[in-house]
Amino acid sequence: MRSRAALPWFTSLVFLLFLPPVFCSSRPQWMPQRVPVVLPQQTEARPAPHFSSPARLDVSSPCDPECHKKAPRPSYWDLRQHLAYETLHSDGQLTETAIGIYGYNPGSDTSLAYSPAGSTGKPQQSHVRRKRQIFGHDGRFSIAGQNFLLKYPFSVAVKLSTGCSGTLVGDRHVLTAAHCVHDGKNYVKGAQRLRVGFLKPKQRDAQSSQFLRSNFTNHVEGGPGLYAPPTNDKMKFQWIRAKRTHVPKGWIKGNANEIGMDYDYALLELKKPHKRRHMKLGVSPPAQRLPGRRVHFSGYDNDRPGQLVYRFCLAGEETSDLLYQHCDAQPGASGSGVYARMWDGRRRRWERKVIGVFSGHQWVERQGASHEFNVAVRITPLKYAQICYWIKGNFVDCREG
């Protein structure tokens, strides 16, 4: 149970998630943009994988933001190679698909990743270590009570049988990190019989849910202060098998170098619909356009088994493909969908969209000083086009991100 000292944080969490931000003088908006077309061209069979390596629950890279900013801009042919993809089928068959890119204008990239101002100085030698992914005070929240666990947006967070997290982005599709199913050389143990877990109560937990709901109502209406609910351990996972797993070749070919993390994402297709509300995809906006410059994500951190853990924090530096932030996280949270909540002018409502995938932790030395980051892969227009095609099966529904 949380201490009374943590109550202001919990109160802020509830207000942030569920109260409409009518107090904002200006509304941060999703900006509709035309995205390129990524189409499959040719599919060929590949030798069956060995499934010999253990799953990695996090990934580290010695390449810091400055290192990524100095990477050469990929050519059209580079992008075609990176966005080609493998598909692992539940019967163990493996295929590779080449893709074509249409309507892509590299000059339309407004990211600061390749600007001269971001390219000064020489790359620094980096040293990597594995450590706790908590920055100072642990700002994570365990979500308790079925009234919240089964409520959007928490209900879109799922657990993979390989130990990672994922996010529902379609009626039967889950977005996660590529390293959760593939180590860069081969598919990991458990990838062939991959399952996706949905946290559900073992029995009705009405008392806990009513406790939280009534306290929230009292607090909003000026009554007694909000008390944190008791931890709910009467939960279980209901599992659904994955039918197909798509992994971009940029991850498979690039994992041995710094660029591999740019493509640390994968999409799972389930054998049957999950019957929950999913979260829409969105093209990742520049960090300065995010409300309060904040990002959010929920996942199943290993140090809190059986609990869904939510966090939010300020977005930091960014490149064209990566977003750096200091959200507290532990192994097991990787693969979580990083999302933002902004105003949708066309639909006249506030909308949450997945704009990235939480990938891992970086610890680097730059000019003798230590720097630490947690890293998310941004959903760029090209990645949006690819993932959307995997979900929809056509490009017509994927032209606007």
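**Exercise 1. The surroundings of serine 165**

Which residues does serine 165 touch, not counting residues up to four places away in sequence?

*Solution.* The model is a predicted one, and the step that comes before the contacts is to place the residue: serine 165 belongs to strand S6, residues 165-168. With a relative accessibility of 0%, serine 165 counts as buried, because buried means under 20% relative accessible area. Its contacts, once residues up to four places away are set aside, are Val158, Lys159, Leu160, Thr176, Gly299, Tyr300, Gly332, Ala333, Ser334, Gly335 and Ser336.

**Exercise 2. From serine 165 to glycine 335**

Take glycine 335, one of the residues that serine 165 touches, and work out where glycine 335 lies and what it is in contact with.

*Solution.* Glycine 335 sits in the loop between strand S14 (322-325) and S15, and its relative accessible area of 0% makes it buried. Leaving aside neighbours within four places in sequence, glycine 335 is in contact with Ser165, Gly166, Thr167, Leu175, Thr176, Ala177, Val357 and Phe358. A further step compares sequence with space: glycine 335 and cysteine 164 are 171 residues apart in sequence, yet their C-alpha atoms are 6.0 Å apart. For the protein as a whole, 77% of the contacts between residues at least 6 apart in sequence join residues at least 24 apart.

**Exercise 3. Backbone details in loops**

Find the cis peptide bond from tyrosine 152 to proline 153, and then examine the positive phi values of phenylalanine 51 and arginine 348.

*Solution.* The peptide bond that runs from tyrosine 152 to proline 153 is cis, its omega being near 10°, and proline 153 is located in the loop between helix H4 (146-149) and strand S5 (157-160). Phenylalanine 51, a residue other than glycine, has a positive phi near 55°; it lies in the loop between strand S1 (37-46) and helix H2 (65-69). Arginine 348 likewise has a positive phi, near 60°, and lies in the loop between strand S15 (337-344) and strand S16 (349-366). The last step is accessibility: phenylalanine 51 is buried, at 15% relative accessible area, whereas arginine 348 counts as exposed, at 58%.

**Exercise 4. Salt bridges**

How many salt bridges does a search of the whole structure find, and which parts of the chain does the pair of aspartate 303 and arginine 140 link?

*Solution.* The search finds 14 salt bridges. In one of them, the side chains of aspartate 303 and arginine 140 meet at 2.7 Å, N to O. This pair links distant parts of the chain, 163 residues apart, with aspartate 303 in the loop between strand S12 (294-299) and strand S13 (308-318) and arginine 140 in the loop between strand S3 (94-102) and strand S4 (141-143). Aspartate 303 is partly exposed, with a relative accessible area of 39%, while arginine 140 is buried, with 3%.

Next, consider arginine 346 and glutamate 400, whose closest N and O atoms are 2.7 Å apart in a salt bridge. Because arginine 346 lies in the loop between S15 and S16 and glutamate 400 in the segment after helix H7 (381-392), the pair ties together parts that are 54 residues apart in sequence. Arginine 346 counts as exposed, at 60% relative accessibility, and glutamate 400 is partly exposed, at 35%.

The pair of glutamate 351 and arginine 349 forms a salt bridge with its closest N and O atoms 3.6 Å apart; here glutamate 351 counts as buried, at 5%, and arginine 349 as partly exposed, at 41%. Elsewhere, salt bridges that share partners join Glu44, Arg46, Glu86, Glu96 and Lys249 into one network.

**Exercise 5. The surface and the whole protein**

Which residues form a positive surface patch, and is arginine 193 buried or exposed?

*Solution.* The patch is formed by Arg193, Arg195, Lys243 and Lys271. Arginine 193 is found in the loop between strand S7 (173-176) and strand S8 (195-201), and at 59% relative accessibility it counts as exposed. To set this in context, the protein has 7 helices and 17 strands, and 53% of its 401 residues count as buried. About 18,100 Å² is exposed by the protein, with carbon and sulfur atoms supplying 50% of that area.

Note on methods:
Residues numbered from 1 in each chain as written. Predicted model: local features only at pLDDT ≥ 70, side-chain atom pairs only at ≥ 80, totals over all residues. Heavy atoms only, no water. Patch = residues over 30% accessible without salt bridge, like charges linked within 9 Å, V, L, I, M, F, W, Y side chains within 5 Å. Areas by Shrake-Rupley, 256 points an atom, 1.4 Å probe, with all protein chains shown as cover. Salt bridge = Lys/Arg side-chain N within 4 Å of Asp/Glu carboxyl O. Lys, Arg positive; Asp, Glu negative; His and termini not counted. Charge placed at Lys NZ, Arg CZ, Asp CG, Glu CD. Helix = DSSP H or I, 4+ residues; strand = E, 2+ residues; numbered from the N terminus. Buried < 20%, exposed > 50% of the residue type's maximum accessible area, 1.4 Å probe, protein only. Contact = heavy atoms within 4.5 Å.
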